[in-house]
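Here are some exercises to work through with the model open beside you. Try each task before reading its solution.

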Amino acid sequence: MRQSQLLIPTLKENPADAEVISHRLMLRSGLIRQLASGLYTWLPMGLKVIRRIEAIVREELERSGVQEVLMPVVQPAELWEETGRWAKMGPELCRLKDRHDRDFCLGPTHEEVITDLFRREVQSYRSLPVNFFQIQTKFRDEVRPRFGVMRAREFTMKDAYSFHLDQACFDATYKEMYDCYSRILTRMGLDFRAVQADSGNIGGDNSHEFHVLAQSGEDTIVFASDGDYAANLEKATAAPPPERSEGNEVLQRIPTPGVRTIEQLVEFTGADAHRCLKTLIVAGDDGPVALVLRGNDTLNDIKAAKLDGVTSPLRMATEAEVRSAVGCAPGSIGPVNLKLPTYIDRYAANVADFVCGANEDDVHLTGVNWQRDVPLAEVSIVDIRTAQEGDPAPNGQGTLRFLRGIEVGHIFQLDRVYSAPMNAAVLDPDGKSIVTIMGCYGMGITRLVAAIIEQNHDDNGICWPEPLSPYDVHVVALNYERSEAVQQAANDIEVRLTQAGYNVLLDDRGERPGVKFADADLIGLPHRITVGERGLKEGTVEYRRRTDSDNRNVPLDGVVECLRG
C-alpha cells in the first residue's frame, strides 16, 4: 500500500484532552478520531489492527468449537422485561422508541437475545453443550467516558454464551474457554494475568478476569509472591490472622471531645491504628447493620454487599439513620453493647486491648477485649477488609503483591439467571424439561487495541507486536519523487516482500527524511526498510527492527532473507 494514498493523519503534538499513553498515541498515529464524547471513528490503520485481533479471536474460538452468530444491536424491551433488567438497568442502558411507540434499547450485552434464540431453536439435551459467539457493537451510556477507547460509550466486543445440562458440563466448557482466552492473549504477545474475580449479582462460583499488565490500568490485581494465587482487588483475600492473644487491660471510658476519625483517635490516645477499631453502619434489609474493622483497614464494598441482611448495592447509613439506631454520631460507635446485627472482620476479631467508640458522642473505650466485653457468639466473624500489599498470601504462598492491569476479558457462570425466567429448557434423556445452566465469556476488541499500545510503546510511538501490526514492513523511500533509482528499488522491494507474504506500507510521500522517520516510529510497524540514494550506490538498504536502537545495512537483494532471519 502506498502511504500517499492512505489516510494516516499523524499529529506532532499530544492532544490536550488525552489522559493516557494509548489515547495520545492512537490520536497522534491516526488510528482514531473522536466524533463525540465516548464515540470514535476508526481510520484505516486502526481498523486493520481490529481486524487482526478479530482474526486471532475467531481462529481460537472456532478451535474451541464455538459457533459464530451475529445478533442485532437494537433489542426489544420485551426480552429485557422477561428477566427484569428493563426496570433494573440504570441510565447506562440507552432506550429508544420506534415509529410505533414500541420500546427498544441499544444492546450493552446480549444475554436476553441469545437466550431467546436458544429457547426457540434447541429442544434436546443431545444438542448440548452449545456455545455461540459474536463480534458486535455495544453501547453503554457511560456517565464519564475516558481514556479513549478504554472506556468509550460505543465499542466492539466479543461475547460468547454457552448452554449446559448440568454443572459438570459447564465446568468442562469453562476450562476450555479459560484455555482459549490464554491462547488468544499469548498469540498476541501480551503480558497478562488471569485472576479470580467477583461475578457480581449474576451468581456462580467460577469467574476469572484477564488483565493486560500496564501501569495505566484502572484495576489492581493481587498475586502471591511465591505461588499461583491471583485475584482482582475486589475478590482478593489474605491468609487468616494468627490466633488471637488474650488481653489484660482494664476497660475504661475516656472523654474524646471532637474526635471523629481514626487519625484523630490515634493522635489522642497514642494507640496504633490497627488497635483502634472503627464501626461502620450500613443499610440492611431489616434495618441498619454494623461492620467492624481495624482502623488501618479499608472496607471491601463488594464483600460487604454479599453479607446476609446487608442491602446490595452497599449503602452507608446517613447520620440521621445512625443517630436513630445507635444514639450517637458516626465516629463514636463501637461494638460494646451495640444492639444491631454486627459483622466483625476477622482481622479486627484478632485484636486484643483495643480502642473503640462508646456509642456516646465524644466518648471512647480503651482496653476492650472480645468475649469479655463483646461476646463473640453475638456477632459474626467474616472477611470484609480490602487486601493490602504485604499481607500474608493464602495457603502460605509468601506475601501479596499488587500490579496494575487493564481488564480485557471476563469469563463467568450465569447459572440460570436468564434461562429460568425465559424458560430456556431442554428435554433430558428421561424426557424431563431441564432449565439450562449458562456461561458468559466477554472480550473487549477495541479495548484490546488500547491495552496493546499501553504495553508496547516507547518515547517515539507505538511498537506493534508482529501478530497485530496493521502492516508488517514499512518501506521508507527517501526522495522517492525525485530519484528514479529510489523509486525502482523501493517498488521492487515492495513487490518481492509482498510475494514473500509480507504486508507492506511504502512511504512514497514527498516529505523530508526527518518527517518520514518520525512518522515511521510513531506508527510503529515491526520492521523498517530505508531506501536512499547513498545506500543504493553501494547496493544496500538500511534495516531496523522497531524495538532496536540501531540500523544495519543489508544487501538490496537480501531484504527478504533479512526479515526471515
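**Exercise 1: Asp-103 and its surroundings**

Asp-103 is found in strand S6 (residues 103-106); helices (H or I, at least four residues) and strands (E, at least two) are DSSP runs, numbered from the N terminus. This is a predicted model, in which local features need pLDDT of at least 70 and side-chain atom pairs count only at pLDDT 80 or more, while totals for chains, interfaces and linings use all residues. Residues are numbered from 1 along each chain as its sequence is written, and side-chain values use heavy atoms, with hydrogens and water left out.

Task: find which residues Asp-103 touches, leaving out those up to four places away in sequence.

Solution. Start with accessibility: Asp-103 counts as partly exposed because its relative accessibility is 29%; buried means under 20% relative accessible area, exposed over 50%, and partly exposed in between (1.4 Å probe, protein chains only). Next, list the contacts (heavy atoms within 4.5 Å): Asp-103 touches Pro-76, Ala-77, Glu-78, Trp-86, Leu-96 and Lys-97. Then look at the side chains, where a polar contact of 2.6 Å joins Asp-103 and Lys-97. A polar contact is a pair of N or O atoms within 3.5 Å; within protein, one must be able to donate a hydrogen and the other to accept it, and residues adjacent in sequence count only if both atoms are side-chain atoms. Finally, measure from Asp-103 to Arg-63: they are 40 residues apart in sequence and 38 Å apart in space, C-alpha to C-alpha.

**Exercise 2: Backbone angles in loops**

Task: say where Asp-101 lies and why it counts as exposed, then do likewise for the loop residue Gln-371.

Solution. First, Asp-101 sits in the loop between strand S5 (94-97) and S6. Its phi is positive, about 65°, although Asp-101 is not a glycine. Asp-101 counts as exposed because its relative accessibility is 52%. Second, Gln-371 is in the loop between strand S18 (363-368) and strand S19 (380-382), and its phi is near 70°. Gln-371 is partly exposed, with a relative accessible area of 47%.

Task: locate the cis peptide bond from Leu-128 to Pro-129 and the one from Ser-312 to Pro-313.

Solution. For the Leu-128 to Pro-129 bond, omega is near -5°, and Pro-129 lies in the loop between helix H5 (111-121) and strand S7 (130-139). For Ser-312 to Pro-313, omega is near 5°; Pro-313 belongs to the loop between helix H8 (301-305) and helix H9 (319-326).

**Exercise 3: A buried aspartate**

Task: is Asp-507 buried or exposed, and what does Asp-507 touch?

Solution. Begin with strand S27 (residues 504-507), which holds Asp-507. With a relative accessible area of 0%, Asp-507 is buried. Beyond four places in sequence, Asp-507 touches Gln-3, His-474, Val-475, Val-476, Ala-477 and Lys-516. Its side chain also makes a polar contact of 2.9 Å with that of Arg-509. Now follow Lys-516 into helix H12 (residues 513-523), where Lys-516 is one of the buried residues, as are Asp-519 and Asp-521. Just after H12, Gly-524 takes a positive phi of about 80°.

**Exercise 4: The whole chain**

Task: how many helices and strands are in the protein chain, and what share of its residues counts as buried?

Solution. Count the elements: 14 helices and 30 strands. Then take accessibility: of the 565 residues, 53% count as buried.
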